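Here are some exercises to work through with the structure open beside you. Try each task before you read its solution.

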Amino acid sequence: METLTQEKLAEKFQAKIDADIKIEPNDWMPDTYRKTLIRQISQHAHSEIVGMLPEGNWITRAPSLRRKAVLLAKVQDEAGHGLYLYSATETLGVSREDTIDDLHSGKVKYSSIFNYPTLTWADIGAIGWLVDGAAIMNQVALCRTSYGPYARAMVKICKEESFHQRQGYEIMTTLMNGTEAQREMAQDAMNRFWWPSLMMFGPSDAESKHTEQSMRWRIKRHTNDELRQSFVDASVPQAELIGLKIPDPNLKWNEARGHYDFGAIDWEEFWQVVGGNGPCNKERIEARVKAKEEGEWVREAAMAYAKKHKS
Amino acid sequence: MSTNEWPLWEVFIRSKQGLNHKHVGSLRAADAEMALQNARDVYTRRSEGISIWVVQSALITASDPADSEAYFEPSDSKVYRHPTFYDLPDGIEHM
Amino acid sequence: MEHTYKFLLRIGDDSLILGQRLAELCGHGPILEEDIALTNISLDLIGQATNIYTYAAQLEGKGRDADALAFLRLEHQYLNAILVEQPNGNFADTLVRQFFFDVYRKLLFEQLLTSTDEQVAAIAEKSLKETRYHLKHSSEWVIRLGDGTELSKERAQFAILDLWRYTEELFYMDETEIQLAKAGVIPNLQDLKPLWMEHVLSILNIATLKLPENQGFFGAGRQGRHSEYMGFLLAQLQYMQRVYPNMQW
């Protein structure tokens with residue numbers, strides 16, 4: 001069989017993308033497509049795993065048996081989602097262990113929202129409602145991403161996450177229907193998590209270095225700013241319904257655009273947190289490294305046993 | 001890659017009696033028994049299944065995408081394998 | 001009635017406190033798959049605690065609910081065995097603790113299936129299915145660790161020596177259990193002990209691990225006298241209910 005030139009292969013590849021035919025693991029793909037996917041999916045996987053920590057912080061202190069079970073199940077789901085995503089990166093030829101090492105060495109980032117501390121129980125509500133809400137906006141869009149294993153992982157994740165946002169909003173609603181102390185707790189969480197949630201969509205389109213190519217490859221299907229706007233439009237009425245104030249004096253409905261206008265995001269803060277200067281960056285990575293190091297002998301033991309008893 | 005990394009397994013689940021096992025994803029496990037249990041814990045948290053198969057990923061032989069035309073296109077022209085290829089006289093609706 | 005209530009607290013507290021201990025590990029397991037597995041066990045135990053407390057609260061008839069029993073008692077009013085409040089330690093400590101407990105709970109629930117108290121029997125039926133899986137999981141890990149590497153064997157053996165003293169308490173009987181056993185609500189717990197020992201030994205043999213010789217026993221958790229660890233565990237468990245009393249969450 002005649003070998004196709006790189007150029008021809010690239011052309012065929014883009015034609016497939018344009019026809020919305022999914023790319024599968026062993027298909028030919030440009031090196032940069034593979035690298036972009038590895039970066040994006042592993043960042044996404046790390047975000048799920050590191051994201052377990054701020055919420056996990058409240059499992060032992062959850063205020064009722066029901067809330068404890070719900071929170072455990074939710075954080076457990078995140079472990080599952082990280083696992084699905086690591087599996088997707090493995091189809092691109094990188095092992096989970098190497099991917100995780102890149103997280104621990106700081107080579108690959110995770111969503112900077114998880115560098116903020118969870119200080120009160122209301123933060124668990126705010127994370128479920130806002131942070132998961134923002135994540136879901138992204139993830140729903142990614143169900144149609146061009147790489148098959150990533151798209152399939154996202155479909156599964158979206159299905160499972162549908163309860164996450166609801167349980168967060170339910171916590172916030174309960175607090176807002178509660179005592180003065182509970183309402184204050186809820187508003188305080190809102191004040192701290194609103195802006196970082198908006199930052200979750202990443203830099204504005206003008207600043208985002210990866211957006212254009214990723215859109216052409218249909219890895220991304222919407223721009224950061226489009227998704228951010230959808231999130232604001234969806235969240236404002238939800239906040240109003242239960243009496244929470246959005247901490248943004250410039251927020252108002254724009255009839256002509258059919259969207260909410262909102263104030264400028266403090267990108268300086270965003271870059272500081274991404275750059276490692278957030279309130280919990282160090283603790284998050286330390287916790288992950290500790291789990292890996294303390295688990296080393298366990299993983300070794302299981303392998304040693306399996307080798308001894310290979311039938 | 002460290003040699004202690006557990007091997008990768010592919011997981012297949014029968015969602016209910018009467019259906020085939022279907023590939024749902026993969027996971028890591030040191031041995032087959034652990035792979036089954038991990039599959040139960042990872043992939044059936046929401047009652048997705050009643051039976052699980054696991055197989056080490058390394059043991060799967062897959063067709064090469066480069067061969068896909070040679071493999072699969074020849075059957076496209078064998079339209080006579082499909083019932084719609086055949087004409088039925090009026091008056092016979094189902095056969 | 002009063003005896004059944006007390007017995008329910010004893011087994012409900014076992015579930016809650018061990019569930020709480022395992023919940024501490026969520027997000028910190030040795031590998032993702034095992035993290036998920038341990039969380040499943042924690043979830044099962046918290047579910048069991050909820051069912052058991054719900055029935056206990058009904059028997060008590062003082063208008064308290066399952067949450068009130070779980071979160072609003074004083075330390076000496078918790079009646080779990082001291083084994084389950086022991087810290088997670090390393091993975092071998094966690095899994096050996098789990099294994100000792102799972103064998104006991106499986107035997108207990110099997111017997112409770114024929115309890116003369118139908119609600120107790122129903123709770124046992126649901127919990128037994130979960131417990132059988134927990135036991136499978138913990139037994140296999142004890143075997144892997146015991147027959148794995150030198151280091152894992154050493155750690156598993158150390159965990160056994162360390163936790164052994166708390167196992168006798170699982171079969172503790174006072175007036176409560178004696179009366180309930182007479183009434184056929186529960187089995188004679190002392191009869192479970194040889195079965196427990198037999199099962200534990202069979203797994204430890206495969207795991208090439210040993211039981212301690214001539215070691216004594218300790219534990220008064222069933223009477224509400226706990227280890228120093230318990231207060232800290234409860235401080236976290238009860239934090240919200242204590243700091244913000246009488247609120248809905």
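**Exercise 1. Find how strand β1 of chain B pairs with β3 and β2 of chain B, and look at single partners.**

Step 1. Begin with β1(B) and strand β3 (residues 51–56) of chain B: six bridges join them, and they run antiparallel. Strands here are DSSP runs (E, at least two residues), helices are runs of H or I with at least four residues, and both are numbered from the N terminus. Two strands count as paired if DSSP finds at least two bridges between them.

Step 2. Pick one position in this pair: V11(B) stands opposite V54(B) in β3(B).

Step 3. Turn to the other neighbour. Strand β1 (residues 8–14) of chain B is also antiparallel to strand β2 (residues 21–28) of chain B, with seven bridges. L8(B) has R28(B) as its bridge partner in β2(B), and R14(B) has H21(B).

Step 4. Look at the hairpin of β1(B) and β2(B). Six residues lie between the strands, and G18(B) takes a positive phi near 100° there.

A note on what you are viewing: this is a predicted model, in which local features need pLDDT of at least 70, side-chain atom pairs count only at pLDDT 80 or more, and totals for chains, interfaces and linings use all residues. Residues are numbered from 1 along each chain as its sequence is written, chains are lettered from A and ligands numbered from 1 in the order in which they are written, and side-chain values use heavy atoms, with hydrogens and water left out.

**Exercise 2. Describe the interface of chain B and chain C.**

Step 1. Count the residues in contact (heavy atoms within 4.5 Å). Twelve residues of chain B touch eleven residues of chain C.

Step 2. Find the buried area, which is the accessible area (1.4 Å probe) that two parts lose on being put together, summed over both. For chain B and chain C this is about 1,200 Å², with 54% of it on carbon and sulfur atoms. On the side of chain B, Q37(B), R40(B) and D41(B) lose the most area to chain C, together 43% of what that side buries.

Step 3. Look for salt bridges (a side-chain nitrogen of Lys or Arg within 4 Å of a carboxyl oxygen of Asp or Glu). There are two between chain B and chain C. D31(B) makes a salt bridge with R144(C), with the closest N and O atoms 3.0 Å apart.

**Exercise 3. How many residues do chain A and chain C each bring to their contact, and what area is buried between them?**

Step 1. Chain A brings 45 residues and chain C brings 47 residues.

Step 2. About 3,900 Å² is buried between chain A and chain C, and carbon and sulfur atoms give 71% of that. In chain A, the residues that lose the most area to chain C are T60(A), L65(A) and W297(A), together 21% of what that side buries.

Step 3. Two salt bridges cross this interface. In a salt bridge between D147(C) and K308(A), the closest N and O atoms are 3.1 Å apart.

**Exercise 4. Where do D77(A) and R46(B) lie, and is each buried or partly exposed?**

Step 1. Check the distance: D77(A) and R46(B) form a salt bridge, their closest N and O atoms being 2.5 Å apart.

Step 2. Place the partners. D77(A) is in helix α4 (residues 65–90) of chain A, while R46(B) is in the loop between α1 (32–43) and β3 of chain B, so the pair crosses between chains.Step 3. Judge the cover, where buried means under 20% relative accessible area, exposed over 50%, and partly exposed in between (1.4 Å probe, protein chains only). D77(A) counts as buried because its relative accessibility is 2%. R46(B), at 33%, counts as partly exposed.

**Exercise 5. Which helices hold R96(A) and E33(C), and why does their salt bridge join two chains?**

Step 1. The side chains of R96(A) and E33(C) meet in a salt bridge of 2.6 Å, N to O.

Step 2. R96(A) lies in helix α5 (residues 96–104) of chain A and E33(C) in helix α2 (residues 32–60) of chain C, so the pair joins two chains.

Step 3. R96(A) counts as buried because its relative accessibility is 4%. E33(C) is buried too, at 0%.
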